[in-house]
Amino acid sequence: MRMLTLNCHSLLNYDSERQIQEIVDQIVREEIDVLSLQEVNQSQLADAVAEDELESLGYKEPAEESAVIKSDNFACRLSRALKKVKLDFKWSWNQAYREADGLEWGVALFSRLSLTNVHSALISSSDFADNLTKRCVLLAQLADETKTVVAAVHFNGENSSEFRYEWGNLMETIVELGLSSHPVYLLGNFNVDAEVDTGSYTLMCQEFDDTYCSAISKGDGMTVRGRLDGWDDSGISERLDYILTNAQNEVSYSRVCFDGNIGPRISNHAGVLIEVSDDSETCSA
């Protein structure tokens, strides 16, 4: 199984049509099975997508809320592009917060396998929609033998105390939903630099393995190059994006993509791509 995570920073600073095409090309080329996207945006004032179209595009609504998917929703547009190349992905999206610029921000999950048990849960200390620190996790189970759990996450890792709060809420959510006995993969932008914020990184690794560390083959793993939102190279690199798991299956490789070297740079973050064996066993917590 191949999994990819990318903070796509959509509808901002980039040609979103080209961005979508590059992601589709990567999915086709690498035969991606699961995709997690963060900063997946839509315009507040755009028209809503009809329910019958969403159903035809494979949309799976979270159990907790009825999010209104707008016509320019980046995940919805990506699902249309995948349909055009005959790829049948199931997907879901939730909203975390909205900004004064008229954008609503969220995370999305895509899977070749059917998505079941889809949930959206608040993990941040703020539940105010206009607060940029509001964070919601999106979780779902894959229709595979072990009912693998995948989660799209976007943490406030710049604030160590808030990260600990969000992490604790996520762990509680996984248990409360009855998902902890299954293989779990957390894919996303943690905003935690393993080399700098060692406390938060250690917390992450108490219950989950960093697939970058366990991969047989890997590069430097750096997903942000430069301090200015990752756009301008400055000689400073950070590893802020991770795929964590409680499963014991072998990780064949972990590599960055969309970094300007392996694939064009299409966001202020590079993506992380891993390949894992399918014989997952859950680690005991």
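Helix H4 passes helix H5 in a right-handed crossing, meaning that the near helix is turned clockwise from the far one by less than a right angle (anticlockwise would be left-handed). Here H4 covers residues 160–176 and H5 residues 198–207, and the two pack at about 15 degrees with their axes 10 Å apart. That makes H4 roughly parallel to H5, since angles under 35 degrees count as roughly parallel, over 145 as roughly antiparallel, 65 to 115 as roughly perpendicular and the rest as oblique. Axes are lines fitted to C-alpha atoms over the stretch in contact, with angles running from 0 to 180 degrees between N-to-C directions. Helices (H or I, at least four residues) and strands (E, at least two) are DSSP runs, numbered from the N terminus.

This is a predicted model, in which local features need pLDDT of at least 70 and side-chain atom pairs count only at pLDDT 80 or more, while totals for chains, interfaces and linings use all residues. Residues are numbered from 1 along each chain as its sequence is written, and side-chain values use heavy atoms, with hydrogens and water left out.

A second helix pair involves H1 (residues 16–30) and H3 (residues 74–84), packed at about 55 degrees with axes 10 Å apart. That angle makes H1 oblique to H3, and H1 also passes H3 in a right-handed crossing. On the H1 side, the contact (heavy atoms within 4.5 Å) is made by Ser16, Glu17, Gln19, Ile20, Ile23, Val24 and Ile27, and on the H3 side by Phe74, Arg77, Leu78, Ala81 and Leu82.

H3 itself is mostly covered, with eight of its 11 residues buried; buried means under 20% relative accessible area, exposed over 50% and partly exposed in between (1.4 Å probe, protein chains only). Among the buried ones are Phe74, Cys76 and Leu78. The buried residues of H3 pack against H1, helix H2 (51–56) and strands S2 (34–43), S3 (90–98) and S4 (103–111). At the N-terminal end of H3, Asn73 acts as a cap, with a side-chain oxygen 2.9 Å from the backbone nitrogen of Ala75. After H3 comes Lys86, with a positive phi near 65 degrees.

Over in strand S5 (residues 115–122) sits Ser120, which counts as buried because its relative accessibility is 8%. The side chains of Ser120 and Asn94 are joined by a polar contact of 2.9 Å. Such a contact is a pair of N or O atoms within 3.5 Å; within protein, one must be able to donate a hydrogen and the other to accept it, and residues adjacent in sequence count only if both atoms are side-chain atoms.
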